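Grab a pencil and get ready to look around a protein model. Try each task yourself before you read its solution.

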Amino acid sequence: MSRFLQWFFRNRETGDITIAQAPNLVLWVVIVAGVLRWVWQPPGIAAIALDIVFKGGLIVWALDEIFRGMNPWRRCLGGAVLAYELTTFL
C-alpha cells in the first residue's frame, strides 16, 4: 500500500487501517429516523419532525467526523456529507 493511502486510512489511535466503523449514537438516531420515515411515511408534523431529526443528525455526525475523525478519510467523509446536506438544504 502506498504511503499516501496508509496515511489517509491509518487510524491515529490504534495504527490499524480504518475505512468504516460501527455507528455512534448520533448515526443510530439518523438510521432509525430514516427507516421510520421510509417505512411509516407519516403525514404532516411527524414527517417534518423525522426529516429534521434525520438531516440535523447527519449534520451533527458530519461535523463530529470533521473535527474528531480517526483519519483523513473519515474527515473527508464527514466533509462530503456536510457539503451534500448543505447543498440539498439550500
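Below are four exercises, each with a worked solution.

This is a predicted model, in which local features need pLDDT of at least 70, side-chain atom pairs count only at pLDDT 80 or more, and totals for chains, interfaces and linings use all residues. Residues are numbered from 1 along each chain as its sequence is written, and side-chain values use heavy atoms, with hydrogens and water left out.

**Exercise 1.** Find the residues that make up the largest nonpolar core, and say which helix gives the most to it.

*Solution.* Start with the term: a nonpolar core is a set of buried Ala, Val, Leu, Ile, Met, Phe, Trp, Tyr and Cys residues joined through side-chain atoms within 4.5 Å. Buried means under 20% relative accessible area, exposed means over 50%, and partly exposed is in between (1.4 Å probe, protein chains only). Now list the seven members: Leu27, Val30, Leu58, Trp61, Ala62, Val81 and Leu82. Next, go helix by helix: α2 (25-40), α3 (44-68) and α4 (72-89) each supply at least two of them. The top giver is α3, with three residues. Helices here are DSSP runs (H or I, at least four residues), numbered from the N terminus.

**Exercise 2.** Work out which residues Leu27 touches, leaving out those up to four places away in sequence.

*Solution.* Touching is a contact, so look for heavy atoms within 4.5 Å. With that cut-off, Leu27 meets Leu58 and Trp61, once residues up to four places away in sequence are set aside.

**Exercise 3.** Decide whether Glu65 is buried or exposed, then find its side-chain partner in a polar contact.

*Solution.* First, locate Glu65: this residue sits in helix α3. Its relative accessible area is 5%, so Glu65 is buried. Then check for a polar contact (a pair of N or O atoms within 3.5 Å; within protein, one must be able to donate a hydrogen and the other to accept it, and residues adjacent in sequence count only if both atoms are side-chain atoms). The side chains of Glu65 and Arg74 make one at 3.1 Å. Finally, skipping residues up to four places away in sequence, Glu65 touches Arg74, Arg75 and Gly78.

**Exercise 4.** Place Thr88 in its helix and say how exposed this residue is.

*Solution.* Thr88 belongs to helix α4. Its relative accessible area is 37%, so Thr88 counts as partly exposed. Now follow the side chain of Thr88: it reaches the backbone oxygen of Glu85 at 3.1 Å. Last, look across the chain: the C-alpha atoms of Thr88 and Arg3 are 35 Å apart, with their positions 85 residues apart along the chain.

Notes
Helix = DSSP H or I, 4+ residues; strand = E, 2+ residues; numbered from the N terminus.
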